[in-house]
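Dear colleague,

Please find below the structure that I am handing over to you. My findings follow directly after it.

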Amino acid sequence: GEGHDHPATRESGRRAHANHLPLKTFASRSTVVHETGNRPLSIVKRSIDAALAQRLVDAAIEVARAGGKPMCIAIMNEARQLKAYHAMDGAPFVSEDIAINKAWTVASFGIPTHAWWDFIKEDGPLLHGVVHTPRVVVYGGGYPIMEDGQMIGAIGVSGGHYTDDMGVARGALEALGLPVG
């Protein structure tokens, strides 16, 4: 087969890429892969499961009800896949996309959405450039969901002023004993 005659391929016992180069260490957005002899070329990483995602949505609904504001709540895993979503009755329609985009922003960068403002406010190119970056949200309501120091997902909440959204997201995380960052 293709690549089996390349010396590096014969040495490692693995098939080389189509360009006949041996497998090398490379990095992607959230994964580092190494050629390690006979060991697998993958890593194990944590990801929020559907049950915890739904528990977070339920906790956020309770916090929002207590505050008297209908909200949209989105939970994504660390790979930006939507795991759970709920729009409370009466939540503003536009809040659906905003909640999802807050979770997407956090899952993409690993920091709360409100931290973006402090990061960009004094940097003109970033401040004016980020508005042209689809889906990035730079105001509060999105937080990482952490387990043992690793981001396993993100929560995004929208429906009120961003400070209200932040309170609902924080309240949901706190209700389940998860760290609030």
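Directly after helix H3 comes Gly110, a residue with a positive phi, near 80°. Please keep in mind that this is a predicted model.

Helix H3 itself consists of 15 residues, and the distance from its first C-alpha to its last is 21 Å, close to the 21 Å expected at 1.5 Å a residue. The helix is mostly covered, since 11 of the 15 residues are buried. Among them are Ser95, Ala99, Ile100 and Asn101 towards the start of the list, and Val106, Ala107 and Ser108 as well. What do the buried residues of H3 pack against? Their partners are four strands, S3 (72-77), S4 (82-87), S5 (142-147) and S6 (150-158), together with the helices H4 (113-120) and H6 (162-175).

One residue of this helix deserves a closer look. Thr105 is located in H3, which covers residues 95-109. Is Thr105 buried or exposed? Its relative accessibility is 0%, so Thr105 counts as buried, the cut-off being under 20%. A polar atom of the Thr105 side chain lies 3.0 Å from the backbone oxygen of Arg135. Leaving aside residues up to four places away in sequence, Thr105 touches Arg135, Val136 and Val137, and also Gly110, Thr113 and Trp116.

I turn now to the charged side chains. Side chains of opposite charge can pair when their charged atoms come close. In this model the count comes to 7 salt bridges.

One of these involves H3. Asp165 and Lys102 form a salt bridge in which the closest N and O atoms are 2.8 Å apart. This pair links distant parts of the chain, with Asp165 in helix H6 and Lys102 in helix H3, 63 residues apart. Both ends are covered: Asp165 counts as buried because its relative accessibility is 2%, and Lys102 counts as buried at 0%.

Helix H6 also contributes Asp164, which forms a salt bridge with Lys69, the closest N and O atoms being 3.1 Å apart. Lys69 lies in the loop between helix H2 (50-67) and S3, so the pair ties together parts that are 95 residues apart in sequence. Here Asp164 is partly exposed at 25% relative accessibility, and Lys69 is partly exposed at 34%.

A further salt bridge joins the side chains of Asp118 and Lys121, at 3.2 Å from N to O. Asp118 is exposed, with a relative accessible area of 55%, whereas Lys121 is partly exposed at 35%. Finally, a network of salt bridges links Arg46, Glu147 and Asp148.

With kind regards

Methods. Residues numbered from 1 in each chain as written. Predicted model: local features only at pLDDT ≥ 70, side-chain atom pairs only at ≥ 80, totals over all residues. Heavy atoms only, no water. Helix = DSSP H or I, 4+ residues; strand = E, 2+ residues; numbered from the N terminus. Buried < 20%, exposed > 50% of the residue type's maximum accessible area, 1.4 Å probe, protein only. Polar contact = N/O pair within 3.5 Å; in protein donor to acceptor, adjacent residues only side chain to side chain. Contact = heavy atoms within 4.5 Å. Expected span 1.5 Å × (residues − 1). Salt bridge = Lys/Arg side-chain N within 4 Å of Asp/Glu carboxyl O.
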